[in-house]
Amino acid sequence: MSKAAFYVTTPIFYISGTPHIGHAYTSIAADILARSARAFGPARALTGTDEHGQKVAQAAEAAGMSPQAYTDMLAPKWKELAAAYDCRFDDFIRTTEPRHAEACLALFERMRANGDVYQGVYEGWYCTNDETFWPEAKLIDGRCPNPECHRPVQWLSEQNWFFKLSAYRDRLLAHFRAHPEFVRPQTRYNEMMAVLEAGLDDLSISRSSFDWGIPLPGGGVIYVWFDALINYISALGWPADRDGLFATFWPATHLIGKEIARFHTLIWPAMLWSAGLEIPERIFAHGWILADGEKMSKSLGNVIEPFSLAQRFGADSVRYFLFREAPFGSDFSISVEKLRQRHNSDLGNDLGNLLRRSLAMLQKYRNGLVPEPAESAIGERFADLGTLVHEHVTAMRFREALDEIWNLVTALNRAIDEQKPWDLHKHGRGDELDALLYTLCEGLRWLAILLYPFMPSKSDAMWAQLGQTGTPEVRWDDALQWGTLGAGTQTDPGAPLFPRIEPEPVEA
Ligand SMILES: [Zn+2]
C-alpha cells in the first residue's frame, strides 16, 4: 500500500435486485481486506445501494409507491446481507441521501468549470433494464445486445449534458501502461486496454425524460451510472470533508464484478481527473460464481440463496469456502455439497479437532494451564507466516493466504500424531510434553489471529477458549511473535467450533 490508511469499497448494489451469493462474495472480500488492513493501521470499508434510474421509478410505480418509499423499503435487505456474513462496513451509503446529491452536483460543477461538460442532443437506442444507450450497429435483432438481457430497446432523443470522455483517452492509456496493477486481474486489464485502443466516445451524463435522479440546475437528472460512481467519494464527505475522511482514506481499492469494469476503470478515473482529484489506487474485478458450471438463474432453478446458506453452514464456513475454493478473479463453480465437505474436513477435522484435542490434553495433563514458553521447530519454521499471509491478502491472493495458514494447521496436527503426548505423559517425559503443549497453544493463538479476517466469529471463539481477552483483532507486528502466549494462562475448552453437517436427506 502506498498510503498509511486503507480504503476498500464494494459496488453499490442495485436496490431492487435480489441479493445473491455474488453480492456476498464481493462484500466478504472487502471485509477480509479491511480486517487484515486494520491489523496494521487505519482502514475503512464501504458498501451501499444504487437507488436511482428509470428502472427503479418504473418498479416503484408498479408497486404503487413513491420511488423514495420503495427504496426505503428495499435498502434494509442489503444491510441484512452484509450482517448475515459478518461483514463489518464502516459506512453504508444510499444514493438517495443528501450527502450524495451534494457531492454529485459539486463534481458536475467542477467538471463543467473545467470545460469537460457540454450540452448536446442525445439520440440513440436505450435499454431501460441496463440503463444503457446502445449504438444502432450493436443491437442484435433490434434488441439489447447484452446477452443477459436481450430486451426491446426504445429510441430516445433528448437534450442532455455530455462528458468529454474522449479527451481522456490518451491519459488513460498512459496510466494503464505505466501502472499494470491498476486493473486486475490481467484478463480485465487486457479487455479494458482493447477498449481504450479502439477509442472512447463522449458520454451522456444526464437524462431529461424522467425525474427519478439527482436534479441538475436547468432541468434533467444525472445519469444513474454517473451518479452511482460518485458514492465512493460522497461517502467520505467530499467535497466539504468535515471529518477529514477524504483526506485520510482516498484513493480507494475498488472491488467490482467483471461486468462493470468499463465504468470503473475508464469512466470513473476520467471523471475524477476532470474534477482535479486523484484516481483509485486499483480496481479488482472478480469472477462469477457458477452453480455446477452454469450461471445461476431463476429460470434454471439453480440459484444458491445466500441467507439460507449462511444459516445452514454458518457465515464463517461459507466465507472460508468461497476464498479457499478458487483464486479471486476467476469464475468458479460452487455446490452445497462441496461446501459441506470442506466444512466437515478442513474446518471440522483439521482446525476444529486441533483446537479440541489440544485443549483436552492440556486439561488432562496440566489442568488447562499453558506451560512455560519453549523452543519450537514449528515456531521457527512459521516465524514469517504473518508477513507472508499479509502479502498474499494485500495482493488479493486469498486462497494462497489460506493455503499458507493451513500449513500451520497441518504441522500442528502432525506434531500431535508424531510426538504422541499420551506416550510422553505415560513415560514421564514432562519437559517434552510441556514443550509440545506450549507449541500447540501458541500455534492456535497464531491461527486465531491469522484467520480472524476470514472467519471472525470462529476466531473469536478460539481466542476465548485459549484464555485470551478481547478479540483477535490485534496488531500483527506485536502479536505474531512466537512465545507471546503467557505461561499459566488458563484455557477454557468450549463447544466444538464446526459441528459436523450431514447431507440433507434426499426427498422421495
Ligand atoms: Zn438490456
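This is a guided tour of a predicted model, one selection at a time.

**Stop 1: the annotated cysteines**

Start by selecting Cys127, Cys144 and Cys149, which an unreviewed UniProt entry annotates as "binding site". The three are spread over 23 residues of sequence, yet they cluster in space, with a largest C-alpha distance of 9.0 Å.

Now look at two of them in turn. Cysteine 144 sits in the loop between strand E6 (132-134) and strand E7 (154-163). With a relative accessibility of 1%, cysteine 144 counts as buried. Show its surroundings, leaving out residues up to four places away in sequence, and you should find Cys127, Asp130, Trp134, Cys149, His150, Arg151 and Val153 touching cysteine 144.

Cysteine 149 is in the loop between E6 and E7, and is buried at a relative accessible area of 11%. Setting aside neighbours within four places in sequence, cysteine 149 contacts Cys127, Asn129, Asp130 and Cys144.

Before you leave, click on aspartate 141, which is placed in the loop between E6 and E7. Is aspartate 141 buried or exposed? Its relative accessibility is 70%, so aspartate 141 counts as exposed. Its backbone deserves a look: phi is positive, about 50°, although the residue is not a glycine.

**Stop 2: the 'HIGH' region and histidine 286**

Select residues 13-23 next. An unreviewed UniProt entry labels this stretch "short sequence motif: 'HIGH' region". Over residues 13-23 the chain is 27% helix and 18% strand, and the C-alpha atoms at the two ends are 8 Å apart.

From here, go to histidine 286, which belongs to strand E13 (residues 282-286). Histidine 286 is buried, with a relative accessible area of 5%. What joins its side chain to that of threonine 26? It is a polar contact of 2.8 Å. Other residues that contact histidine 286, neighbours within four places in sequence aside, include Gly22, Tyr25, Ile256, Gly257, Lys258, Phe328 and Gly329.

**Stop 3: an aspartate in helix H1**

Select aspartate 31, in helix H1. At 0% relative accessibility, aspartate 31 counts as buried. Zoom in on its side chain: one of its polar atoms lies 2.9 Å from the backbone nitrogen of arginine 88. Apart from residues up to four places away in sequence, aspartate 31 touches Asp86, Cys87, Arg88 and Arg319.

**Stop 4: where helices meet**

Display helix H12 (residues 315-325) together with helix H13 (residues 336-366). Their axes come within 10 Å and cross at roughly 100°, which means H12 is roughly perpendicular to H13. To see the contact, show Ser317, Val318, Tyr320, Phe321, Arg324 and Glu325 on the H12 side, and Lys338, Leu339, Arg342, His343, Asp346 and Leu347 on the H13 side. The residues of this contact divide into 5 nonpolar, 2 polar and 5 charged.

Keep both helices on screen and add helix H19 (residues 456-465), whose buried residues are Pro456, Ser459, Met462, Trp463 and Gln465. What do the buried residues of H19 pack against? They pack against helix H1 (21-38), H12, H13 and helix H18 (430-451). Following H19 is glycine 467, where phi is positive, near 80°.

**Stop 5: leucine 203**

Select leucine 203 in strand E9 (residues 203-204). Leucine 203 is buried, with a relative accessible area of 15%. Residues touching leucine 203, not counting those up to four places away in sequence, are Trp161, Phe162, Phe163, Leu165 and Ile267. Also mark valine 117: its C-alpha atom is separated from that of leucine 203 by 9.5 Å, although the two are 86 residues apart along the chain.

**Stop 6: backbone details**

Finish with some peptide bonds. The bond from tryptophan 238 to proline 239 is cis, with omega near 10°; proline 239 is in the loop between helix H8 (231-234) and helix H9 (245-249). A cis peptide bond also joins tryptophan 250 and proline 251, where omega is about 5°. Look for proline 251 in the loop between H9 and strand E12 (253-257).

The last selection is aspartate 292, found in the loop between strand E14 (289-291) and strand E15 (294-295). Aspartate 292 is not a glycine, but its phi is positive, about 50°. At 62% relative accessibility, aspartate 292 counts as exposed.

Key: Residues are numbered from 1 along each chain as its sequence is written. Side-chain values use heavy atoms; hydrogens and water are left out. Axes are lines fitted to C-alpha atoms, for helices over the stretch in contact, and angles run from 0 to 180 degrees between N-to-C directions. Helices (H or I, at least four residues) and strands (E, at least two) are DSSP runs, numbered from the N terminus. Angles under 35 degrees count as roughly parallel, over 145 as roughly antiparallel, 65 to 115 as roughly perpendicular and the rest as oblique. Contact means heavy atoms within 4.5 Å. Ala, Val, Leu, Ile, Met, Phe, Trp, Tyr, Cys and Pro count as nonpolar, Asp, Glu, Lys and Arg as charged, and the others, Gly among them, as polar. Buried means under 20% relative accessible area, exposed over 50%, partly exposed in between (1.4 Å probe, protein chains only). A polar contact is a pair of N or O atoms within 3.5 Å; within protein, one must be able to donate a hydrogen and the other to accept it, and residues adjacent in sequence count only if both atoms are side-chain atoms. UniProt positions are given in the numbering used here, feature names are shortened, and annotations may be inferred rather than shown by experiment.
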